Amino acid sequence: MDTTIQRLHAREILDSRGNPTVEVECTLACGTFARAGVPSGASTGVHEAVELRDGDKKRFGGKGVLNAVTNVNKEIAAKVVGMDARDQALIDEMMIALDGTPNKGRLGANAILGVSLAVARAAATAAGIPLYRYLGGPTVHRLPVPMMNIMNGGVHAHWQGADFQEYMIAPYGASSFRQALEWGAEVYHALQSVINKKGMSVGVGDEGGFAPHVSSNHEPLELIVEGIKAAGLEPGRDVGVAIDPASSGFFEDGKYRLRTENRNLSSQEMVDYYEKLVNDFPVVLLEDGMAEDDWEGWKLLNQRLGGVIELVGDDLFVTNVERIERGIRENVANASLIKLNQIGTLTETVAATRLAQFNGWGAFVSHRSGETVDSFIADLTVALDTGHLKTGAPARGERVEKYNQLMRIEEDLGSAATYAGKEAYVRPVRF
Ligand code: PGA
Ligand code: ZN
């Protein structure tokens, strides 16, 4: 098999929100063809790698990605064509050097990531092995707990619902991934009935979760617990919950502004608020409890809750080894979110994950609120043995494609497959 890269071709496609994004195709000399789609966030961290947008207001309100597409087709292709697709680290390193900025702002992290992922998939296809095995080796076999985001708020619901962005269910009590997904879908539908019966809207947010008007940020948790019970499952024992408030989105002038509750909280008060939630509900994981530059608030949060639940930094760490290193040094969390497009290459994403894991931290793989049907993160999660991932509700094509891919992987592994279950988290499940 000649795995020399013969052609790279990018185009502008639409993501799940109807915004443009980059898709890249890679053809090898042996004829192998592979394609990758690049996701896009809405509550993006200020420290993320730069997603190159055209800024031409005449197209897609300035959100076009034709410059990123041209960067792949011209500048990046000129260097990458002729390289061996199996040389992932070399190719990623070359693109980082070619870009020449610290944040991939010249060529665009969206351009670079599309190439990085298309090349990896092409190499796996040429080798004739599934992507998760190509990335993770022959010994990987553990399926993650699917952390399904079934109620949406914040910017993902245009600030019409809760201030907190994501309310996830964690079916860690299931005995397989397939059963976990089944439970998740059952809870999702039971929750729909619960919400419907209360006369609330069953319209959904960007990640497929329900997004009704609520009068507090704990109300969604009450609804979810009701949904879990209505599905015949036990909250805590069978299914836990997790929250991503995405608090950078409501951190204003040094205060956490909870619009639905008409309150402004200090970092200390916000920590008290979370502690009450952890005591009142079966919360196993809290992501971005504090804002992306509120390092002092994070320290407080970790002192109070870091021994009890998994505390994940998303906007805080942006899948960046330098920021994760600081987090470890200053002891502000115990897990890092992992998003490919926050850093822009596969190699750097793996490095960030390994840094977390080698330090006894959790690594939590994530989709973005703007997605394509590309299921790369499903394979990546298994390859990196992260034990859990979040990729939205068990509904909407771009979300379920990742969960469906994990069912295919579970089937492919056969009796070798195990399910992470309650071992998925960096802090043991309390129930
Ligand atoms: P985003 O949200 O993709 O809109 O950034 C996801 C998250 O905050 O985890
Ligand atoms: Zn987040």
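Buried means under 20% relative accessible area, exposed means over 50%, and partly exposed is what falls in between. I wrote that down at the top of my notebook, and I also noted that this is a predicted model.

**Entry 1: Asn331**

I began with a residue in a loop. Asn331 sits between α9 and β13. Is it buried, exposed or partly exposed? Asn331 has a relative accessible area of 49%, so it counts as partly exposed. I then looked up its backbone angle and found phi near 55°, a positive value in a residue other than glycine.

**Entry 2: Asp385**

Next I turned to another loop, the one between α12 (376-383) and β15 (388-390), where Asp385 lies. Asp385 is not a glycine, yet its phi is positive, about 50°. Its relative accessibility is 36%, so I put Asp385 down as partly exposed.

**Entry 3: the zinc ion**

Then I went to the metal. Which protein residues are donors of the zinc ion (ligand 2)? I found Asp244 (OD), Glu287 (OE) and Asp314 (OD), lying 2.0 to 2.2 Å from the ion. Along the chain these donors follow the spacing D-x42-E-x26-D. Glu287 belongs to strand β11 (residues 283-287), while Asp314 is in the loop between β12 (310-313) and α9 (321-330), so this pair ties together parts that are 27 residues apart in sequence. I checked the accessibility of the two, and both Glu287 and Asp314 are buried.

**Entry 4: the strands around β12**

Since Glu287 took me to β11, I followed the strands from there. β11 and β12 pair in the parallel sense over three bridges. Which residue of β12 is the bridge partner of Glu287? I found Val312. Together β11, helix α8 (residues 295-305) and β12 make a right-handed β-α-β unit.

On I went to β13 (residues 335-338), which pairs with β12 in the parallel sense over two bridges. Here the bridge partner of Val312 is Ala335. To get from β12 to β13 the chain crosses through α9, and this β-α-β crossover is right-handed too.

I also looked at where the residues of β12 point. Glu310 and Val312 point one way, Leu311 and Gly313 the other way, and all are buried. I added a reminder for myself: in a regular strand the side chains alternate between the two faces of the sheet.

**Entry 5: the nonpolar core**

How many residues does the largest nonpolar core have? I noted 136, and the residues with the most contacts inside this core are Ile76, Phe164 and Tyr425. Helix α3 (residues 109-127) gives the largest share of the core, twelve residues.

I picked Tyr425 for a closer look. Leaving aside neighbours within four places in sequence, Tyr425 is in contact with Val145, Met147, Ala170, Tyr172, Val284, Leu285, Glu310 and His388. Glu310 was familiar to me from β12.

**Entry 6: Arg408**

My last stop was a helix. Arg408 is in α13 (residues 397-413). Its relative accessible area is 41%, so Arg408 is partly exposed. Which side chain does Arg408 join in a polar contact of 3.2 Å? I found that of Glu401. I also looked up Arg178, which is 230 residues from Arg408 along the chain, and their C-alpha atoms are separated by 9.5 Å.

Note on methods. Residues numbered from 1 in each chain as written. Chains lettered and ligands numbered in written order. Predicted model: local features only at pLDDT ≥ 70, side-chain atom pairs only at ≥ 80, totals over all residues. Heavy atoms only, no water. Helix = DSSP H or I, 4+ residues; strand = E, 2+ residues; numbered from the N terminus. Buried < 20%, exposed > 50% of the residue type's maximum accessible area, 1.4 Å probe, protein only. Polar contact = N/O pair within 3.5 Å; in protein donor to acceptor, adjacent residues only side chain to side chain. Donors = N, O, S within 2.8 Å, 3.2 Å for Na, K, Ca; no water. Pairing = 2+ DSSP bridges. Right-handed = clockwise from strand over helix to strand, strands pointing away. Core = buried A, V, L, I, M, F, W, Y, C linked by side-chain atoms within 4.5 Å. Contact = heavy atoms within 4.5 Å.
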